[in-house]
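User: I would like a close look at the ligand site of this protein, and then at how the parts that build it sit in the rest of the chain. Please keep to what can be read from the coordinates.

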Amino acid sequence: MTAAPLHVLVIGAGFGGLTLAHGLCRAGVSVAVYEKHRTRTDGLYGYRVGIDPTGNRALKECLPPQLFDTFVATCARTPRYFNVLTEKKKRTAAIPLRGDSDEINSERSVSRQTLRQLLLTGLEDVVHFDKRFTHYEQQPDGTVTAYFADGTSATGDVLVAADGAHSAVRKQYLPQAVLRPAGIISIGAKIPMSPEALSLLSREAQQGLSLVFAPKGFMCIWHVMEFGWDARGGVKEGVAGNDAELIRAWPGLLFDNTRDYISFGLWASEDKFPADVLSLRGPDLIDLVLRLTPNWHPDFRRLFAMADPSTAFPLQIATSEAVPAWPTSTVTLLGDAIHTMTPGQGVGANTSLRDAMLLCRALSSVQAKGRDLLAAICEYEAEMIPYGFARVADSLVQNGTSGSDPLHRPVVGRAVLAANRAYFRAVDAIPPLRRKFLDDLYTYRGAELAAAE
Ligand SMILES: Cc1cc2nc3c(=O)[nH]c(=O)nc-3n(C[C@H](O)[C@H](O)[C@H](O)COP(=O)(O)OP(=O)(O)OC[C@H]3O[C@@H](n4cnc5c(N)ncnc54)[C@H](O)[C@@H]3O)c2cc1C
């Protein structure tokens, strides 16, 4: 049985919106994406995003097969170690991670800009740039009209809010939803890769991601990002046949300025930062990082000083509060637009991709199998809301990404820091504990779902 063709409007060309659009295109469902930025390269902080088995599964299901292969080929080298360090560069733990040979059941590192360019590939006729959504109207026949700041509008059967944490669609549709600061400021920047920069990190840190627990609730994460192409955009020597071909053939590289780098993010509770931190830019932010870390190891401070000031950005970390279920309609939401979370667990993007996959299945079944549209959206929301807000809650209690975490308190914070370090030292030293740590980590990040398939 087939129903009348659907037309889906997606607001926001982020990870979730673009993945949904790919999936719908593959299923033969008409879709249009509206993005406020003017061009495909505008407006993105270039941080590293870890894609886990949950994210891999969603991308595999929604993207055309060759684009999924290109995604794998354009990821940075997979981290081989999860390191925990002190601010004096002493090892607390260096836990070897599993490899990336399984296309789904692997952890991957990708540059936000690269994944965005990848997801835009093949959607040239679907994505409309310079379309800032302002508001919508639901028509008596169930269709929805979206209005844009340039005075234009578009009408479809479904309107999907994929417009991120400050979603204008959510503000109109669910005005009761709460987005609030998590009480944390983070400063991120990139150091262009060089032999000197790399030599300032230990061997395990060079091959992994490294979390620094420091006094006063300061935390820092280091990522070493090495790609399959060189500084001029040519495929690197040693990149094997199929990957080399995929990178060469991928038009997205033309728009992607990502080159090898080491990135850091330094965060702590808001009270540790000057009141004007969010208005600081470039060298002022790097100076601030150096002022905040006077007793850190000279190698870390040297790396901070080597950062390219144009890549530095401050972030006020936000979180959302669970929204009680609402009556289903032809407006729905995915990703940060409904469940913004702190980066504490590194699952915001992965959850957005999972939403996109599930919503794609629901909407495709309406067109292909004649399912009732509202019933399909209701089923998607009934699944998405519980896991989405569970991820919000988990993220808030991880890695000091909530300002109310005891780690940030003056006296008790020292005891929490000592306990964290003792825990990771034990994980490092005791094989059964290490195995449990890894099993829990991979299970949380979706490995069990992939394995069960
Ligand atoms: C420092 C940091 C590190 C992170 N690391 C990880 C990680 O390792 N792993 C992970 O899973 N997640 C990570 N995250 C979270 C992740 O980046 C987000 O959860 C993810 O980008 C959300 O995707 P989205 O598609 O829902 O929204 P977004 O990526 O925010 O996309 C929303 C899109 O909507 C557009 N838009 C907004 N308003 C309008 C409008 N009015 N009209 C039209 N378009 C509009 C925006 O321009 C944007 O393109 C991290 C976040 C931060 C801050």
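Which element gives the most to the shell around the ligand, and how many residues does it give?

Analyst: The model is a predicted one. Helix α12 gives the most to the shell around the ligand, with four residues.

The shell as a whole holds 32 residues. Glu35, Tyr47, Gly50, Asp336 and Ala349 are the closest of them. Sorted by class, the shell has 12 nonpolar, 11 polar and nine charged residues.

Three side chains can be picked out for their polar atoms. Arg112 places a polar side-chain atom 3.0 Å from an oxygen atom of the ligand. For Arg116, a polar side-chain atom is 3.1 Å from a ligand oxygen. In Ser352, an N or O atom of the side chain also lies 3.1 Å from an oxygen atom of the ligand. As for cover, the ligand taken alone exposes 1,000 Å², and the protein buries 87% of that. Besides α12 (348-369), the elements that give two or more residues to the shell are α1 (15-26), β3 (48-51) and α4 (112-120). By these ranges, Arg112 and Arg116 fall in α4, while Ser352 falls in α12.

Helix α12 also has a part in the interior. The largest nonpolar core has 87 residues, and Val8, Leu20, Leu159 and Leu363 have the most contacts inside it. The largest share of this core, 10 residues, comes from α12. Thus α12 is the leading contributor to the ligand shell and to this core. Nonpolar side chains tend to be buried together in soluble globular proteins. Val8 shows how the core draws on separate stretches of the chain: beyond its neighbours within four places in sequence, Val8 contacts Leu24, Val29, Ser30, Val31, Ala32, Val158, Val160 and Leu363. Another core lies apart from this one; it has 36 residues, including Val212, Val277, Leu292 and Ala307.

Ile187 can be followed next, in strand β12 (residues 179-192). Its relative accessible area is 0%, so Ile187 is buried. With neighbours up to four places away set aside, Ile187 is in contact with Phe264, Gly265, Leu266, Phe273, Val277, Leu285, Leu288, Val289, Phe313 and Pro314. Val277 in that list is also one of the residues of the 36-residue core. From Ile187 to Glu35, the C-alpha distance is 26 Å, across 152 residues of chain; Glu35 is one of the residues closest to the ligand.

Back at the site, the residue after Glu35 is Lys36, in the loop between β2 (30-34) and β3. Lys36 has a relative accessibility of 43%, which means that it counts as partly exposed. Outside its sequence neighbourhood, Lys36 touches Asp130, Lys131 and Arg132. Its C-alpha lies 15 Å from that of Val160, 124 residues away in sequence. Asp130, one of the residues that Lys36 touches, sits in the loop between β7 (127-128) and β8 (133-138). Asp130 is likewise partly exposed, because its relative accessible area is 43%. Its phi is positive, about 60°, although Asp130 is not a glycine. Most residues other than glycine have a negative phi.

Following β3 in the chain is helix α2 (residues 53-62), which is mostly covered, with eight of its 10 residues buried. The buried ones are Pro53, Thr54, Gly55, Asn56, Arg57, Ala58, Leu59 and Cys62. The N-terminal end of α2 is capped by Asp52, whose side-chain oxygen lies 3.0 Å from the backbone nitrogen of Thr54.

The last piece leads back to α12. Thr340 is in the loop between α11 (336-339) and α12. Thr340 is buried, because its relative accessible area is 5%. Its side chain reaches the backbone oxygen of Asp336 at 2.7 Å, and Asp336 is itself among the residues closest to the ligand. Thr340 also touches Ala165, Leu179, Ala318, Thr319, Ser320 and Val392, leaving out residues up to four places away.

Notes. Residues are numbered from 1 along each chain as its sequence is written. This is a predicted model: local features need pLDDT of at least 70, side-chain atom pairs count only at pLDDT 80 or more; totals for chains, interfaces and linings use all residues. Side-chain values use heavy atoms; hydrogens and water are left out. A residue is near a molecule or strand if one of its heavy atoms lies within 4 Å of it. A polar contact is a pair of N or O atoms within 3.5 Å; within protein, one must be able to donate a hydrogen and the other to accept it, and residues adjacent in sequence count only if both atoms are side-chain atoms. Accessible areas come from the Shrake-Rupley method with a 1.4 Å probe; for residues, only the protein chains shown count as cover. Ala, Val, Leu, Ile, Met, Phe, Trp, Tyr, Cys and Pro count as nonpolar, Asp, Glu, Lys and Arg as charged, and the others, Gly among them, as polar. A nonpolar core is a set of buried Ala, Val, Leu, Ile, Met, Phe, Trp, Tyr and Cys residues joined through side-chain atoms within 4.5 Å. Buried means under 20% relative accessible area, exposed over 50%, partly exposed in between (1.4 Å probe, protein chains only). Contact means heavy atoms within 4.5 Å.
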